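Please look over the structure shown here together with its sequence. The report that follows describes the chains one after another and then how they meet.

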Amino acid sequence: MSIHNVIQVEGLTKKFGDFTAVNAISFKVEKGEIFGFLGANGAGKTTAMKMLIGISIPSSGKATVAGFDVFTHAESIKKSIGYMSQKFALYDDLTVKENITFFGGIYGLSRKRIRQKSAVLIEELGLEKVANKLVGALPLGWKQKLSFSVSMIHDPKIVFLDEPTGGVDPITRRQFWEMIYKAANQGITVFVTTHYMDEAEYCDRVSIMVNGKIEALDTPKKLKEQFKVANMNDVFLKLARG
Amino acid sequence: MKRFIGFVKKEFYHIFRDRRSLFILFGMPIAQIMLFGFAITNEINNVDIAILDHSKDTNTEEIINKISASKYFSINQFIDKESDIETIFKKGKIKAVLNFEKDFSKNLIKDYKANIQIVTDATDPNTANTISNYINAILTQYNKELNNKVAFSYQIVPQTRMVYNPELKSVYMFVPGVMTIILMLVSAMMTSISIAREKELGTMEILLVSPLKPFQVIVGKVFPYIFLSIINAIVIVVLSIFIFKMPVLGSLVLLGLESVLFIITALALGILISTISATQQTAMMISLMGLMLPVILLSGFIFPISSMPLPLQVISNIIPAKWFIIIIKGIMLKGVGIQFIWKETLILVGMTIFFIGISVKKYKIRLE
């Protein structure tokens, strides 16, 4: 395996009874890459992602994440990755600082490290004034940005984002993507699912899943050339309609 | 360990910042024990009664004096005619009327027999029954005193002795029950709700993706409730000893250990419930219907199990609360040691292992 590939997937399959949710997908993701994982609802994106983050056991196939096998070393994978789910998942009844401390704590960061991290993070996000306010009182956009930062509190190699920008305004989405770029520049690999096709244009490479299979995988530019269309939206529609 | 402390701290933030759970945790035990101890009682005190005395002679006067001297009754009114009975009952204050027949003393001397009619307001049948029993007891007593003056032979005099709760205080019956309910409520319902809450909010997923092991998550969530349940149990015991003068004849240590065992049983049930419910609402409904109702109705707390129809008696065996109530009644009121309650204890241990076993099986570490 090449040291540059932080995610390697070969013939990964997940079956629920007779239904094949993920059908023998294969792809590689390089270090520091922003990898867009696209697909319509029910195409199998979330199931595939759950296998990669170690909370769902694949039915067959091979996959390594951050150099660890998903079958045998799920626990090691968990230490090397960050995860942000579609649902906003910080604790509303804890303050900004308490949330940071809590998540830092469960990833085993030292108290000193948590204090440093928390100061940097609060400053970067401009949350100084609300650091001791309950997270529940913050606007959704701020929560999402905080949630993203918290998912990277332990400096993971890869961060998995499951539809991170659902329901936020265009300006916040823009800022969110700036954060993603910044993370990628620091060498963190970003694996992101999204419904917004303009966001797909921001990715280094994009895969599109249809009915459990990956039907296309390339840079946004090449995909547009291949399907002879002007934007990713049309690429997606062409594929999804079959 | 540090992770664990952080987790428990977060759990306490949740509890202390939510007024509802604070109320259930601390208001409820005190409110319940006070309610059951003071308000809800099977005893009667100072019941208002009326007298309809057609004779007004020595004997009736003696009886009336005896009744008014007892703390159970206060004579509120004297009436003159039968038709008044209906009228005063309708007003609602008077619960019973004593109607002495005409020529009471004369009949007693002439026929060795005189009649008193006890009329009770049976809109509340339990109270009516108790009142009539109490009046009967006073009359029997008086009867005996009369008989002592006249030499009589062949009398069977039953001497009833109520052991373990000689004054028949209902609080003795309620304390074990309330303690059981509270521990069930705090341990089972609150934990199941709090775990379901993480599922509902999506934070459970984040926790499962973190390096925390699933059992660490569960233990971290359960631990604060063990702690709070123990505090609750102590508060209840202290209240019952100091306010209701309830005796704890047996060993406090044994009582403590048995309570911890029951808390763990209830927690295991709570975890089991949380594994099958996806939302807080469901967890609460299952806890209320599946746990609280049986605890109240079938555990022998309020309704004696021996007078239930057979199928319900059989069902009552699978309710952990039934065994715990037997255990704590034994320890508190009879002062028994483990040699008398090891069977019940073993049943609870067995149930606990069983519940934990199913929860572990059902708990989806890797979702699907």
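What follows is a description of a predicted model, moving from overall dimensions to single residues.

**The two chains in outline**

Chain A contains nine helices and ten strands, whereas the secondary structure of chain B comes to 14 helices and four strands. The radius of gyration of chain A is 18 Å, close to the 18 Å that the globule rule gives for 242 residues, so chain A is as compact as a globular protein of that length. For chain B the radius of gyration is 28 Å, while a compact globule of 368 residues would have a value near 21 Å. The principal-axis dimensions of the C-alpha atoms are roughly 50 × 40 × 35 Å for chain A and about 95 × 45 × 40 Å for chain B. The table sets out further values for each chain.

| Chain | Buried residues | Share of contacts (separation of 6 or more) made by residues 24 or more positions apart |
|---|---|---|
| Chain A | 43% of 242 residues | 68% |
| Chain B | 33% of 368 residues | 77% |

**Chain A**

The unreviewed UniProt entry lists residues 7-236 of chain A under "domain: ABC transporter". In the model this span is 38% helix and 27% strand, and its end C-alpha atoms lie 24 Å apart.

Which residues touch the most other members of the largest nonpolar core? In that core of 72 residues, they are A:L52, A:F160, A:V190 and A:F191. Helix α3 of chain A, covering residues 96-106, makes the largest contribution to this core, with five residues. Leaving aside residues up to four places away in sequence, A:F160 touches A:M49, A:L52, A:I53, A:I81, A:G82, A:Y83 and A:F191. Two of these partners, A:L52 and A:F191, were also named above among the residues that touch the most other core members. A second, separate core has 57 residues, including B:V178, B:M190, B:L298 and B:I319. As general background, nonpolar side chains tend to be buried together in soluble globular proteins.

A:E75 offers a contrasting case, being found in helix α2 of chain A, which runs over residues 74-80. A:E75 counts as exposed because it has 11 C-beta neighbours inside 10 Å, and the limit for an exposed residue is 12 or fewer. Along the chain A:E75 and A:Q186 are 111 residues apart, and their C-alpha atoms are separated by 24 Å.

**Chain B**

Chain B is divided into domain 1, made of residues 2-40 together with 169-362, and domain 2, made of residues 47-149. Taken over C-alpha atoms, the centres of these two domains of chain B are 48 Å apart.

Under "transmembrane region", the unreviewed UniProt entry lists residues 21-40, 171-196, 222-244, 250-273, 285-304 and 340-360 of chain B. One of these spans, residues 171-196 of chain B, is 100% helix and 0% strand, with its end C-alpha atoms 35 Å apart. Residues 340-360 of chain B are likewise 100% helix and 0% strand, and there the end C-alpha atoms are 32 Å apart.

Two residues of chain B deserve a closer look for their backbone angles. B:D103, although it is not a glycine, has a positive phi of about 55°, and it lies in the loop between β3 (96-100) and α5 (104-111) of chain B. B:D103 counts as partly exposed because it has 14 C-beta neighbours inside 10 Å, a count between the limit of 12 or fewer for exposed and that of 20 or more for buried. B:Y112, also a residue other than glycine, has a positive phi near 55°, and its place is in the loop between α5 and β4 (116-120) of chain B. Is B:Y112 buried or exposed? B:Y112 is exposed, because 11 other C-beta atoms lie within 10 Å.

**Where the chains meet**

The contact between the chains takes 22 residues from chain B and 22 residues from chain A. On the side of chain B that touches chain A, α1 (2-17) and α8 (203-209) of chain B each supply at least two residues. The largest share of that side, eight residues, comes from α1(B). By class, the side of chain B that touches chain A has nine nonpolar, five polar and eight charged residues.

Terms used:
Residues are numbered from 1 along each chain as its sequence is written. Chains are lettered from A and ligands numbered from 1 in the order in which they are written. This is a predicted model: local features need pLDDT of at least 70, side-chain atom pairs count only at pLDDT 80 or more; totals for chains, interfaces and linings use all residues. The radius of gyration is taken over C-alpha atoms; the globule rule is 2.2 Å times the number of residues to the power 0.38. Two residues are in contact if their C-beta atoms, placed from the backbone, lie within 7 Å. Ala, Val, Leu, Ile, Met, Phe, Trp, Tyr, Cys and Pro count as nonpolar, Asp, Glu, Lys and Arg as charged, and the others, Gly among them, as polar. A nonpolar core is a set of buried Ala, Val, Leu, Ile, Met, Phe, Trp, Tyr and Cys residues joined through C-beta atoms within 7 Å. Domain bounds come from an automatic or database domain assignment. UniProt positions are given in the numbering used here, feature names are shortened, and annotations may be inferred rather than shown by experiment.
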